[in-house]
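The following exercises concern the surroundings of a ligand and the packing of nonpolar residues. Please study the sequence and the structure before reading each solution.

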Amino acid sequence: MTCSLEVKIPESPPHGYPLVIGENLFPEIRNYLPQSSSRLFIISDENVADLYLADLTKNLPCPFTTFIIEAGEESKNLDNFGKICSAAVKADLSRKDTIIALGGGVIGDIAGFAAASYQRGINFIQIPTTLLAMVDSSIGGKVAVNLPDAKNMVGAFYQPHAVIADVNTLRTLPDKELKTGLAEVLKYAFLAKSCNTETAIDLLTFLESNQDKILTKDSQTMITLINACAVLKAAVVNQDEKETGLRAILNLGHTFAHALESLTGYRHYTHGEAVAIGIKGAFLLAADKGLISEEYKEKALNLLSSYGLTYTIPDDLSPEEIYAAMLHDKKASLGQLTFILPTAMAEVGIFPSVLPKEIKEVISKLKNPKNSSHNP
Ligand SMILES: NC(=O)c1ccc[n+]([C@@H]2O[C@H](COP(=O)([O-])OP(=O)(O)OC[C@H]3O[C@@H](n4cnc5c(N)ncnc54)[C@H](O)[C@@H]3O)[C@@H](O)[C@H]2O)c1
């Protein structure tokens with residue numbers, strides 16, 4: 001089974017692109033290359049290149065150059081961005097040629113930013129190899145690099161020419177990285193009805209009834225799951241490419257997550273682990289504010305636990321410190337924190353002014369699970 005859908009951004013007509021999810025897709029990539037392209041420039045990290053570069057390149061119809069960076073968030077920096085652009089000049093890459101990102105979100109983000117900037121923008125194809133990249137970072141055109149003390153601070157909105165997600169690559173994905181992607185998948189399940197679109201499956205029910213197949217990465221199950229998330233992300237991006245409104249709902253759990261990631265130097269948690277804590281925080285906050293029932297809160301926390309997404313905040317971080325870090329987030333405006341909070345089953349709302357006291361109380365509960373009604 002292969003699923004194919006289209007991201008179509010009405011305000012930017014050239015930015016409609018296919019999103020293909022299936023198995024054994026590498027031989028088909030030649031069909032998605034722009035016709036103008038006579039040279040390819042493949043960016044990957046060491047882990048992914050070792051596993052998949054040979055397989056990918058044996059199927060390509062034109063000459064290619066490769067640029068491999070060290071794996072990990074720390075590689076998503078301006079130094080590597082500069083090196084990539086210089087290597088592209090050396091490889092004689094022209095504006096008609098194509099940059100291919102082969103890897104997780106780190107590679108997609110830095111390669112996409114290079115594609116957006118090199119010669120003011122060249123063709124770009126995403127081949128995501130982590131679950132997080134397949135359901136989230138490869139779709140929607142946000143590309144960026146980090147500054148030493150600020151994540152994703154320099155970047156662009158730059159849509160790819162195509163996204164090709166081959167679920168066979170997930171077979172080698174470490175469990176920790178699978179769980180990180182599952183945090184984003186659960187996020188979609190909790191906001192699905194707010195995306196103004198239909199999915200073939202009810203994500204919440206699907207996640208509750210297919211745990212074994214998902215955790216063992218059964219190919220057909222993963223295609224169905226990733227397709228549902230991709231439909232939701234594509235629908236949101238189609239309605240609001242530049243995040244002036246609806247796209248903000250995709251930040252469910254992210255206000256907590258960004259603060260925790262920055263306070264711990266981006267080393268303590270993966271992005272998804274921090275998002276999982278943030279989603280739990282959003283449910284606790286919503287229940288405290290009376291937005292959702294205790295039953296729905298427990299259902300959500302049980303689902304997080306059942307996928308092993310039970311991370312907590314380190315003891316040495318105080319609620320005040322975390323709150324202050326939230327205020328420094330690039331999405332906080334004039335000291336106002338906006339939270340995306342659940343309001344009903346699979347629905348969320350945007351809450352622009354949550355009281356500091358409410359936030360700090362929830363942070364305390366996230367630090368010590370014994371203080372919360374849910375004790376995983
Ligand atoms: N652009 C967006 O909209 C968006 C959205 C969410 C996250 N992000 C960004 O994505 C990044 C996180 O992405 P990620 O979680 O994919 O991390 P990642 O790219 O660092 O990959 C995680 C690890 O898995 C390894 N790996 C990747 N694919 C593999 C495979 N198939 N088999 C074995 N190992 C594999 C990588 O080498 C790496 O060590 C962050 O920088 C975050 O800011 C961007």
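**Exercise 1.** Which element gives the largest share of the shell around the ligand?

*Solution.* This is a predicted model, in which local features need pLDDT of at least 70, side-chain atom pairs count only at pLDDT 80 or more, and totals for chains, interfaces and linings use all residues. Residues are numbered from 1 along each chain as its sequence is written, and side-chain values use heavy atoms, with hydrogens and water left out.

Step 1. The shell has 28 residues, where a residue is near the ligand if one of its heavy atoms lies within 4 Å of it. D45, E73, T129, T130 and T172 come nearest.

Step 2. The largest share, 4 residues, comes from α1, a helix (a DSSP run of H or I, at least four residues, numbered from the N terminus).

**Exercise 2.** Identify polar contacts of the ligand, that is, pairs of N or O atoms within 3.5 Å.

*Solution.* Step 1. K76 places a polar side-chain atom 2.8 Å from a ligand oxygen atom.

Step 2. G105 uses a polar backbone atom, 2.8 Å from an oxygen atom of the ligand.

**Exercise 3.** Where does the largest nonpolar core lie?

*Solution.* Step 1. A nonpolar core joins buried (under 20% relative accessible area, 1.4 Å probe, protein chains only) Ala, Val, Leu, Ile, Met, Phe, Trp, Tyr and Cys residues through side-chain atoms within 4.5 Å. The largest one has 88 residues.

Step 2. Domain 1 (3-172) and domain 2 (184-201 + 241-371), with bounds from an automatic or database assignment, both contribute residues, so this core lies between them.

Key:
Buried means under 20% relative accessible area, exposed over 50%, partly exposed in between (1.4 Å probe, protein chains only). A polar contact is a pair of N or O atoms within 3.5 Å; within protein, one must be able to donate a hydrogen and the other to accept it, and residues adjacent in sequence count only if both atoms are side-chain atoms. Helices (H or I, at least four residues) and strands (E, at least two) are DSSP runs, numbered from the N terminus.
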